[in-house]
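Subject: Structure handover

Hello,

I am passing a structure on to you. Please open it alongside this email.

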Amino acid sequence: MMTLTSYFMEATYLVASILFILSLKMMSHPETARRGMFLAEGGMFAAIVGTLIGTHIISWVWIIGGLALGSIIGGWMAISVPMTAMPQRTALSHAFGALAAALVGIGEFIVKGNEMGVVTRGALGFEVMLGALTTTGSLIAAGKLQDIIAGKPIQFRGQNYLNLLIALAMVSCFVAFWIHPEMVVAFYAMLTLAFIFGVLLVIPIGSADMPVVMSLLNSYAGLAAAATGFVLGNNVLIIAGTLDGFSGFILSVLMCKAMNRSITNVLFGGFGSVIAEASSANAGGVMREISLDDAAMQLAFANRVIFVPGYGLATAQAQHACRELAELLEGRGVTVKYAIHPVAGRMPGHMNVLLAEANVPYAALYEMEQINPEFPSTDVAVVIGANDVVNPDARDNPNSLIAGMPILEVDRARSVIVLKRGQGRGFSGLENPLFFKACTNMLYGDAKASLSQLAQAVQHV
Amino acid sequence: MNPVVLIASVYVFALAAFLGYQVISRVPPLLHTPLMSATNAISGISLIGSLVLAGSANYPLGAHILGFVAVTTATINVVGGFGITDRMLKMFRKRGTEAKEVAK
């Protein structure tokens, strides 16, 4: 029988579900997005209060302890994490979300393992498996992004076979547990294998592919939460988890499209290590260096300038210096725009957030399809720490490893200034013919320092 | 889980997936980072499952402890996720409007 309090609880869940959907709908525009988030927060609060009232809770110690500890850590993260560290923070939060789902699954197994029906047990296995592998996978991803673990792919002979073997073993344990619920060993073996599989899944993936991996892990974490909803028979969990899962899935597809690669290729291709020998063939020409004053002169007397930021902007924390230079140029009557490639940076939308932090109005940020036709009429394109996303080989050389990847057509601008730390190749190790073009000039040095010096030089022009 | 509940749950899942696709494909790339962080915070709703595990009567101590850890990590996601999303969204400003609250 349902009591009054459990009706109240279900009502708060319904309200929460509606508010969540509404808040994501309001995400479609930067002006309404923030208000939308308040709705989601309200929904979350209602659902928590509803649960605390509607379920028979007797021991409050663990709950209050967990809520307090979580709020302190979460609040501290919310205040202190710098925008440049957003990818790591997001990866960590995938790990936390997935871990919560996995732990709830394990707890349910301990408490009600014997009385579960076939369907619930299947959902439980799915939840624990996805939750566990997403936890370790996300931790590895966060480690790579934070540079605790080497960013380049870690590979060894027979890696894909080993992964396949472990995946098979994990799934067999899942099936065994599904058919024979009394086989407790199978459950814990599946859990352990899932933890290991998560690590193995992410270590062979290079940092440049992180946008896809982040989106995929996002999707897994969401689906694990949705599976929790099936186990507990809780609709708001199913809805919120599915929304999260699909959001991650859509982003993964978008990121893959932006690199012209399939998800399997990203996961099992080990991009970024096999490339060096394949691309050396077309290396040639010289890179021309430009002096600061000449570069400043070019910029100051241009009509149209487009900035093209990449991950180098984030590592150098150069977003503020970039905006200062842009404002000086605008003060001189130069039209300044920013071109954002979908996979620039380490997670979807990474560059937009950094530039917004530096107070660049979002109307000045252009997507790839919008800005590409404008390059031919652009006087100077300034590439800041971007490489593959402006590599003309992707368009012109069918043998290139990134052939077919949509790029920002910087090479069509009248002149290009590339800000780069040194002469070395970028992360992917791919040669970039853009750097050898006649219209391209290189400005070596730390991006932040270079931009500040450029700004000074522009003032003296 | 009885078949009626299962079917209802599958309906909810399918409709949520459809709705999610409709709603999320309209989010511009500009806001993809806040989107990821917001959906993350929202899926922190698994907190309500953790609460039950941490505090229900007649559960063994092991379950309470697992529940405690789950409550903690889910709360980190909810509080941290919403906090950071708001911080990010506050930064997006229109042309011409000097963002005063951002400057501080």
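Below are notes on two helix pairs and one serine. Keep in mind that this is a predicted model.

Start with the pair that joins two chains. Helix α2 of chain A covers residues 30-54, and helix α4 of chain B covers residues 61-91. They pack at an angle of about 165 degrees, with axes 9 Å apart. Angles over 145 degrees count as roughly antiparallel, so α2(A) and α4(B) fall in that class. Their crossing is left-handed.

Which residues meet there? From α2(A) come A:A33, A:R34, A:M37, A:F38, A:A40, A:E41 and A:M44. From α4(B) come B:V78, B:F82, B:T85, B:D86, B:L89 and B:K90. By class, this contact of α2(A) with α4(B) has eight nonpolar, one polar and four charged residues.

The next pair lies within chain A. Helix α5 (residues 118-145) packs on helix α8 (residues 210-232) at about 150 degrees. Their axes are 8 Å apart. α5(A) and α8(A) are therefore roughly antiparallel. The crossing of α5(A) with α8(A) is left-handed. By class, the contact has 17 nonpolar, six polar and two charged residues.

Last, the serine. A:S415 sits in strand β5 of chain A, residues 415-420. Is A:S415 buried or exposed? Its relative accessibility is 13%, so A:S415 counts as buried; the cut-off is under 20%. A polar atom of the A:S415 side chain lies 3.0 Å from the backbone oxygen of A:D379. Beyond its neighbours within four places in sequence, A:S415 is in contact with A:Q298, A:D379, A:V380, A:A381 and A:C439.

Best wishes

Key:
Residues are numbered from 1 along each chain as its sequence is written. Chains are lettered from A and ligands numbered from 1 in the order in which they are written. This is a predicted model: local features need pLDDT of at least 70, side-chain atom pairs count only at pLDDT 80 or more; totals for chains, interfaces and linings use all residues. Side-chain values use heavy atoms; hydrogens and water are left out. Axes are lines fitted to C-alpha atoms, for helices over the stretch in contact, and angles run from 0 to 180 degrees between N-to-C directions. Helices (H or I, at least four residues) and strands (E, at least two) are DSSP runs, numbered from the N terminus. Angles under 35 degrees count as roughly parallel, over 145 as roughly antiparallel, 65 to 115 as roughly perpendicular and the rest as oblique. A crossing is left-handed if the near helix is turned anticlockwise from the far one by less than a right angle, and right-handed if clockwise. Contact means heavy atoms within 4.5 Å. Ala, Val, Leu, Ile, Met, Phe, Trp, Tyr, Cys and Pro count as nonpolar, Asp, Glu, Lys and Arg as charged, and the others, Gly among them, as polar. Buried means under 20% relative accessible area, exposed over 50%, partly exposed in between (1.4 Å probe, protein chains only). A polar contact is a pair of N or O atoms within 3.5 Å; within protein, one must be able to donate a hydrogen and the other to accept it, and residues adjacent in sequence count only if both atoms are side-chain atoms.
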